[in-house]
Amino acid sequence: MQITEVSELGLRSAVITLARAGSPMRIVLFPMVHFGLPSFYRQVSSRLSACDLIMAEGYDGPSGTGLAYAIAYRLTRQRGARGLVNQDIDYRALGVPVVWPERLTGGGRRDRLSWWGWLDVVLLVPVLTVMAAVGGRSQLLRRGYEVSDDTDPRIFLRFLQKPLLEDRDDELLAELARIHDARHDEAIRVAVVYGAAHLPTVVQTLRERYSYRAVRGGEWLTVIDL
């Protein structure tokens with residue numbers, strides 16, 4: 001099952017609804033790319049407002065990873081970069097309860113980057129700038145932005161694999177298990193708003209542990225158009 005897709009037209013992200021036989025609860029996955037068109041984040045926000053509970057990545061503020069991409073694109077004068085923004089969803093405006101599963105970054109203040117976000121910027125800008133300068137906009141997108149449910153994501157800075165990916169996956173899955181156990185008999189829609197690289201593990205674990213399957217007729221949203 002495709003989670004994000006890169007083509008000649010650009011980058012798209014699938015909105016995936018997971019369901020389980022005998023349970024009215026639905027888990028809706030929003031695979032996030034932290035740098036994209038403002039229209040992408042508006043469409044995500046509109047759909048989140050129809051959910052009953054949101055599980056969000058990181059902290060309640062703008063994305064440091066997205067800011068790193070924005071800086072790299074603009075430093076290398078990539079075509080169309082000025083029309084792209086880093087992710088900054090105003091969760092407070094949605095009127096929906098939000099859970100922050102990550103102990104390290106959860107519950108941060110809005111409207112500014114946390115120290116963890118600034119660390120993302122410092123570590124990523126040099127690498128992304130070189131990638132953008134050498135390969136251009138298309139190459140930057142193709143280096144791992146296409147994700148399916150059997151993808152095994154790898155972070156290019158290997159020492160960050162565990163704290164940035166694996167530990168955060170574990171925290172997300174633990175919170176999903178808690179919500180499932182407590183509320184699986186309720187007709188609610190639980191949104192998961194996480195980077196696309198986290199979602200293969202989520203799909204696989206929910207399928208194996210609770211028999212969740214994707215509902216047919218998923219929706220595609222354009223993140224970046226080339």
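## A polar contact at the start of a helix

A polar contact is a pair of N or O atoms within 3.5 Å, and within protein one of them must be able to donate a hydrogen while the other can accept it. Keep that in mind for helix α2 in this predicted model. Where α2 begins, a side-chain oxygen of Ser-63 comes to within 3.3 Å of the backbone nitrogen of Thr-65.

Helix α2 itself covers residues 64-75, which makes 12 residues. From the first C-alpha to the last, α2 reaches 16 Å, close to the 16 Å expected at 1.5 Å a residue. Its buried residues are Gly-64, Thr-65, Gly-66, Ala-68, Tyr-69, Ala-70, Ala-72 and Tyr-73. Here's a handy rule when you look at a list like that: an α-helix has 3.6 residues a turn, so residues three or four places apart point the same way. After α2 comes Arg-77, and its phi is positive, near 55 degrees.

## The chain as a whole

Let's zoom out. The protein chain has 5 helices and 11 strands. It is made of 226 residues, and 53% of them count as buried. The accessible surface comes to about 10900 Å², with 50% of that belonging to carbon and sulfur atoms.

How do contacts link up the sequence? Take the contacts between residues at least 6 apart in sequence: 81% of them join residues at least 24 apart.

## Strand β2 and its partners

Strand β2 (10-19) is a good place to spend some time. Of its 10 residues, 9 are buried, so β2 is largely enclosed by the rest of the structure.

Which strands pair with β2? Start with β1 (residues 2-7), which pairs with β2 in the antiparallel sense over 4 bridges. In this pair, Glu-5 stands opposite Arg-12, and a hairpin of 2 residues joins the strands. Then there is β3, which runs antiparallel to β2 and is joined to it by 3 bridges; here Thr-17 faces Val-28. The hairpin of β2 and β3 has 6 residues between the strands, and within it Gly-22 takes a positive phi near 85 degrees.

Two partners come from further along the chain. β11 pairs with β2 over 6 bridges, again antiparallel, and Ser-13 has Leu-221 of β11 as its bridge partner. Strand β10 (residues 213-214) is also antiparallel to β2, with 2 bridges between them. In that pair, Leu-18 is matched with Ala-214.

## Nonpolar cores

In soluble globular proteins, nonpolar side chains tend to be buried together. In this model, the largest nonpolar core has 40 residues, and Phe-30, Leu-48 and Ile-54 touch the most other members. The elements that give this core two or more residues are β2, β3, α1, β5, α2, α3, β9 and β11. Apart from it lies another core of 27 residues, including Ile-16, Leu-176, Tyr-194 and Ala-196.

What does Phe-30 touch, leaving aside neighbours within four places in sequence? Its contacts are Val-15, Val-44, Arg-47, Leu-48, Cys-51, Ala-191, Val-192, Val-193, Tyr-194 and Leu-199.

## Three residues to look up

Is Ala-187 buried or exposed? This residue is in the loop between α4 and β9, and Ala-187 counts as exposed because its relative accessibility is 67%, where the cut-off for exposed is over 50%. Ala-187 still touches Pro-24 and Asp-52, not counting residues up to four places away in sequence. Ala-187 and Ser-23 are 164 residues apart in sequence, but their C-alpha atoms are 7.9 Å apart in space.

Arg-189 is found in strand β9. It is partly exposed, with a relative accessible area of 34%. Beyond its neighbours within four places in sequence, Arg-189 is in contact with Thr-17, Arg-26, Val-28, Ala-50, Cys-51, Asp-52 and Leu-53. Arg-189 and Leu-18 are 171 residues apart in sequence, with 9.8 Å between their C-alpha atoms. Finally, try Thr-205 in helix α5 (residues 199-210). Thr-205 counts as buried because its relative accessibility is 16%, and buried means under 20%. Leaving out residues up to four places away in sequence, Thr-205 touches Leu-173 and Tyr-210.

Note on methods
Residues are numbered from 1 along each chain as its sequence is written. This is a predicted model: local features need pLDDT of at least 70, side-chain atom pairs count only at pLDDT 80 or more; totals for chains, interfaces and linings use all residues. Side-chain values use heavy atoms; hydrogens and water are left out. The expected span of a helix is 1.5 Å times one less than its number of residues. Buried means under 20% relative accessible area, exposed over 50%, partly exposed in between (1.4 Å probe, protein chains only). A nonpolar core is a set of buried Ala, Val, Leu, Ile, Met, Phe, Trp, Tyr and Cys residues joined through side-chain atoms within 4.5 Å. Contact means heavy atoms within 4.5 Å. Accessible areas come from the Shrake-Rupley method with a 1.4 Å probe; for residues, only the protein chains shown count as cover. Two strands pair if DSSP finds at least two bridges between them.
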